[in-house]
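Trainee: I should like to request a close look at a single part of the structure shown below.

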Amino acid sequence: MTLRTLGALSLTLVLAACSQTPTGRSQLTLFSDQEINQMGDQSFQQYQQKLPTVGGATADYVQCVAHAVTAQTNSGENWEVKVFKDDSANAFALPGGHIGVNTGLLEVAKNQNQLATVLGHEVAHVLAHHANERVSTQAATQTGLSVLQSAAGLEGQGGQQLMGLLGMGAKYGILMPFSRKQESEADTLGLNLMARAGFDPRESIDLWQNMEANSQGQPPVWMSTHPSHGQRIDGLQAQMDQALTLYRQARDAGRTPDCHQPG
């Protein structure tokens with residue numbers, strides 16, 4: 001096979017693997033939902049082996065908020081929700097229907113609406129197939145496609161890389177932040193998702209103000225792949241009218257979540 005033929009075949013494969021996010025943005029998705037879900041399942045199992053989980057009233061509260069949010073996804077997933085004892089203000093959602101929340105986040109997300117902001121954002125990453133996009137991009141540019149190989153076992157550098165690509169953060173995976181486009185997309189989709197669940201989207205502004213106060217400084221926006229807290233707040237405010245309309249419709253329809261945060 002000539003290089004020209006190989007290049008044409010590669011281009012055909014990439015074009016065939018192009019899809020669109022819920023906002024209409026084109027993305028590369030080389031993997032099937034089943035393959036990506038398997039990666040998410042294995043990563044979540046690995047994470048549970050590294051951190052202790054928390055039960056009782058704290059777990060009930062987080063599960064109440066998470067289930068209200070995921071009920072609006074129409075994904076058919078039976079989402080598994082776990083709370084992990086860790087002081088970092090972090091949460092994640094994984095393909096395959098998994099949500100993890102660190103106890104440290106509950107010090108920043110002060111009520112059910114603010115927690116729903118975070119969970120809506122993380123679930124939106126899954127709904128928009130951002131993990132597939134990131135793993136696909138990595139696989140398409142990496143010699144030997146070691147990301148594919150790491151799906152068979154998560155021990156070692158390859159597994160840490162995969163966990164980072166799936167969006168599990170820096171502590172138990174290599175830090176691979178979602179792109180600015182993906183983050184902004186998840187902000188918009190997540191805001192609408194929490195509003196449809198009956199949570200007050202106006203609290204999203206308070207959540208990011210809390211995040212800013214808790215961050216103890218952050219790099220300039222041009223040095224980070226993430227939008228700054230100020231940019232996030234501006235973006236959320238620009239979408240607020242639509243989110244408030246969805247929120248009022250949800251309340252009128254009887255979706256009034258009442259998740260009790262443990263004292």
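Trainee: How many helices and strands does the protein have? Within that framework, please examine the sheet: in what order do its four strands stand, and which strands does helix H3 lie across?

Mentor: This is a predicted model, in which local features need pLDDT of at least 70 and side-chain atom pairs count only at pLDDT 80 or more, whereas totals for chains, interfaces and linings use all residues. Residues are numbered from 1 along each chain as its sequence is written, and side-chain values use heavy atoms, with hydrogens and water left out.

The protein has 11 helices and six strands; these are DSSP runs numbered from the N terminus, a helix being H or I over at least four residues and a strand E over at least two. Of its 263 residues, 48% count as buried, that is, under 20% relative accessible area, with exposed meaning over 50% and partly exposed in between (1.4 Å probe, protein chains only).

The sheet is open and has four strands in the order S3-S4-S6-S5, with mixed pairing; two strands pair if DSSP finds at least two bridges between them. Strand S3 (53-54) and strand S5 (91-94) are the edge strands, each with a single partner, so one side of each has no neighbour in the sheet. Strand S4 (residues 80-84) and strand S6 (residues 98-102) run parallel and are joined by five bridges. Phe84 stands opposite Asn102 in S6.

Two helices may be placed against these strands. Helix H2 (residues 33-50) packs on the sheet and touches S4, S5 and S6, its direction making about 30° with that of S4. H3 lies across S3, S4 and S6 and runs at about 140° to S4. Such angles run from 0 to 180 degrees between N-to-C directions, the axes being lines fitted to C-alpha atoms, for helices over the stretch in contact; contact means heavy atoms within 4.5 Å.

H3 also supplies seven residues to the largest nonpolar core, the largest share of that core. A nonpolar core is a set of buried Ala, Val, Leu, Ile, Met, Phe, Trp, Tyr and Cys residues joined through side-chain atoms within 4.5 Å. Of the 42 residues in this core, Ile99 and Leu115 touch the most other members. With neighbours within four places in sequence left aside, Leu115 is in contact with Tyr61, Val62, Val65, Leu105, Leu106 and Ala109. Apart from this core lies another, of 14 residues, among them Met39, Tyr47, Val135 and Ala139.

The structure holds one disulfide, a disulfide being a pair of cysteine sulfur atoms within 2.5 Å. Cys64 and Cys259 form this bond, with their sulfur atoms 2.1 Å apart. Cys64 lies in helix H3 (residues 56-70) and Cys259 in the segment after helix H11 (240-252), so the bond ties together parts that are 195 residues apart in sequence. The torsion about the S-S bond is about -75°, so the disulfide is left-handed. Cys64 is partly exposed, with a relative accessible area of 32%, whereas Cys259 is buried, at 7%.

Finally, Gln72 lies in the loop between H3 and S4. Gln72 is buried, with a relative accessible area of 17%. Leaving aside neighbours within four places in sequence, Gln72 is in contact with Leu193, Arg196, Ala197 and Arg255. For the protein overall, among contacts between residues at least 6 apart in sequence, 71% join residues at least 24 apart.
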